[in-house]
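Trainee: Could you take me through one part of this protein slowly? I would like a close look at its aromatic rings and what surrounds them.

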Amino acid sequence: MNNTRVYKMSFAGVYPHYIQKAEKKGRTKDEVDEIIFWLTGYDQQGLQEVIDNKTDFETFFAQAPQLNPNVSKITGVICGYRVEEIEEELMQKIRYLDKLIDELAKGKAMDKILRK
């Protein structure tokens, strides 16, 4: 599967969709941000720079301060694929984020989403 198109997508272009998906289900932008911070190690300033610079997903994850050590606890199906079985590392990271946003939109408690 050729994922180059996904990797080159601007994070800033997808970010509003994450927020919209969460808000439609009564969740907040702050909760979306908390998930992103937890997963990637970015803080508010770092995330804002990513958005302002229209950073692509490949760079977004390559420059992430620190991927959370608990990412291996993220399991389940997203877009028909089990996230724990995705072999391409970058695509797996992108799907981790998708999975966490899905869990938020489905009403899961933040403690469970953040694998506490």
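Mentor: Happily! Let's begin with a word we will need: a residue is called buried when its relative accessible area is under 20%, and exposed when that area is over 50%. Keep in mind, too, that this is a predicted model. The mean pLDDT of the protein chain is 95, and 98% of its residues reach 70 or more. Among the elements, helix H3 (residues 29–40) has the highest mean pLDDT, 98, while helix H1 (residues 4–7) has the lowest, 86.

Now to the rings. Two rings count as a pair if their centres lie within 6.5 Å, and by this rule there are eight aromatic pairs. Take phenylalanine 11 and phenylalanine 57: their ring centres are 5.6 Å apart and their planes meet at 75°. Planes over 60 degrees apart count as edge-to-face, so this pair is edge-to-face. Phenylalanine 11 belongs to helix H2 (residues 11–24) and phenylalanine 57 to helix H5 (residues 57–62), so the pair ties together parts that are 46 residues apart in sequence. Both phenylalanine 11 and phenylalanine 57 are buried; for phenylalanine 57 the relative accessible area is 2%.

Phenylalanine 57 has another partner, phenylalanine 60. This aromatic pair is edge-to-face as well, at 6.4 Å centre to centre with 80° between the planes. Phenylalanine 57 and phenylalanine 60 sit three residues apart in helix H5, so about one helical turn separates them. Phenylalanine 60 has a relative accessibility of 0%, so it counts as buried.

Let's step back to the wider group. Phe11, Tyr15, Tyr18, Tyr42, Phe57, Phe60 and Phe61 form one aromatic cluster. Some of those names return when we turn to how H2 packs with H3. The axes of H2 and H3 are 8 Å apart, at an angle of about 125°. That angle makes H2 oblique to H3, and the crossing is right-handed. On the H2 side, the contact is made by Phe11, Tyr15, Tyr18, Ile19, Ala22 and Glu23. On the H3 side, Lys29, Val32, Asp33 and Ile36 take part. So if you follow Phe11 on your screen, you will find it paired with phenylalanine 57, included in the aromatic cluster, and taking part in the contact between H2 and H3.

Technical notes: Residues numbered from 1 in each chain as written. Predicted model: local features only at pLDDT ≥ 70, side-chain atom pairs only at ≥ 80, totals over all residues. Heavy atoms only, no water. pLDDT = per-residue confidence, 0-100. Helix = DSSP H or I, 4+ residues; strand = E, 2+ residues; numbered from the N terminus. Phe/Tyr/Trp six-rings, centres within 6.5 Å; stacked < 30°, edge-to-face > 60°. Buried < 20%, exposed > 50% of the residue type's maximum accessible area, 1.4 Å probe, protein only. Axes fitted to C-alpha atoms, helices over the stretch in contact; angles between N-to-C directions. Parallel < 35°, antiparallel > 145°, perpendicular 65-115°, else oblique. Left-handed = near helix turned anticlockwise from the far one by under 90°. Contact = heavy atoms within 4.5 Å.
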